[in-house]
Amino acid sequence: GQPLEGAWFRIRYLGGTSGTGGTVIGEYRTSSNGTIVVTGLKAGTYVCEEISAPDGYVITDAAETVYLSGKDQDVITVTFGNDKMGSLLIVKKDAVTGAPISDVEFFITDSDGSVIGNANGKFVTDSAGTFTITDIAPGTTLVIKETRAKAGYILDDTPQTVKVKSNEVVTVEFRNAPKGNLIIVKQDSVTKEPLEGVKFKITYADGSYVDAEGGTLSSTGLYRTDKAGKITISGISGTVVVTEIKTIPGYTIDENTRTQTVVVNPNDTQTLYFYNTPVGGLQIIKSDKDSGKRISGVKFEIRKMNGEIIGTYTTDRDGVISIPNAESGWYTIVERKAANGYALDTTPVNACVKDGETTTVEITNQRMCSIMIHKVDANTGKGLYGVKFVIYDSGKN
């Protein structure tokens, strides 16, 4: 019932008591008290029609026709009432936690399919998970449909219909269920230690790649385990197929569990375990027989028991030779070159390698002795240069 300033009216003069068309005598704007006063009118019929409503109000479509008799003090009062526009508030929440969800896109039309707003019907929720549309004509039926969910959530594309009322904010709430998570764990089958760098291919049941949806992203569905031996993918839902396609050196893929399938549901975390069996290994350690100190630079020849030469290897600075991918079976190890200051020991050493185990063989060397001969004058003790000696061992060699 409050007066409305800023409404525009057009007044037309028809002449007699009835008729159409008429002559426009003026357009007028309501003052702060919501009124327009027009004086000095001659007798006849007048039509008053609203041509523009104040902001936030619905224009009155119905025109009012009045008759002025022309007699003194003939004053006619015409009253128009405007309905206040309605508003629409969209609220978007997490279906589990109730937390607001931003960056969700909606498409809104009226019941006739005409788009609402200035962006072809597109609206996006803000940081509070909401957006508001104001100045909607009362009685308007709106159709609201979610067209894009936020990453990590399932799209709820079921439309909701609502009728806007005068001077009311109609609230419509949508909820999104969060997508699920998938954790892939890769471990050594013997020690249960994590294995980094193992490659997996991850797809949905229809063959499409699981990518760009959360966690460590991949444009081709290929992922590698991290230092913790894990791959974590969040924001996915559906039937997922995980296939191990390449392991790391020193391990073999278990064909029975190479491919695993799992159903990831909304707001759910599924964990898949994959194990790799370590390949058998052979380790040779070369050390000083007396001090135990490791000896570098010692060369060994390694053969299978059937005489096949595997290769020639030299101990590293730690006095170690490592062959991580040795096949299971017996091997013969023969020293071919000793380090400086050590005697060569060509005695063969046999070692057995088993799958999933590393066989360690330690071979020692005896440090060679030294002899110093000092020839001196018997009277003065002075050293004598150029004296020749023959040196042989106990076997007269």
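1. Let's start with one pair of residues: Lys-93 sits opposite Arg-175, which belongs to strand E11. Keep in mind as you look around that this is a predicted model.

2. Which strands does that pair lead us to? Strand E5 covers residues 86-94, and E5 and E11 are paired in the parallel sense, with eight bridges between them. Try finding Lys-93 and Arg-175 again, as Arg-175 is the residue in E11 that Lys-93 faces.

3. Now zoom out a little. E5 and E11 are part of an open sheet of three strands, in the order E8-E5-E11, and the pairing is mixed. Strands E8 (130-136) and E11 (169-176) are at the edges with a single partner strand each, so each has one side without a neighbour in the sheet. On average, neighbouring strands here are turned by 15° against each other, if you ignore direction.

4. Next, have a look at strand E6, residues 105-110. Is E6 largely enclosed or left open by the rest of the structure? It is largely enclosed, because five of its six residues are buried; buried here means under 20% relative accessible area.

5. What does E6 pair with? Strand E7 (residues 122-124) runs antiparallel to E6 and is joined to it by three bridges. Strand E9 (residues 141-148) also runs antiparallel to E6, and here six bridges make the connection.

6. A handy residue to click on is Phe-106. Its bridge partner in E7 is Phe-123, while in E9 the bridge partner of Phe-106 is Glu-146. While you're there, a general tip: side chains in a regular strand alternate between the two faces of the sheet.

Conventions. Residues are numbered from 1 along each chain as its sequence is written. This is a predicted model: local features need pLDDT of at least 70, side-chain atom pairs count only at pLDDT 80 or more; totals for chains, interfaces and linings use all residues. Side-chain values use heavy atoms; hydrogens and water are left out. Buried means under 20% relative accessible area, exposed over 50%, partly exposed in between (1.4 Å probe, protein chains only). Helices (H or I, at least four residues) and strands (E, at least two) are DSSP runs, numbered from the N terminus. Two strands pair if DSSP finds at least two bridges between them. Axes are lines fitted to C-alpha atoms, for helices over the stretch in contact, and angles run from 0 to 180 degrees between N-to-C directions.
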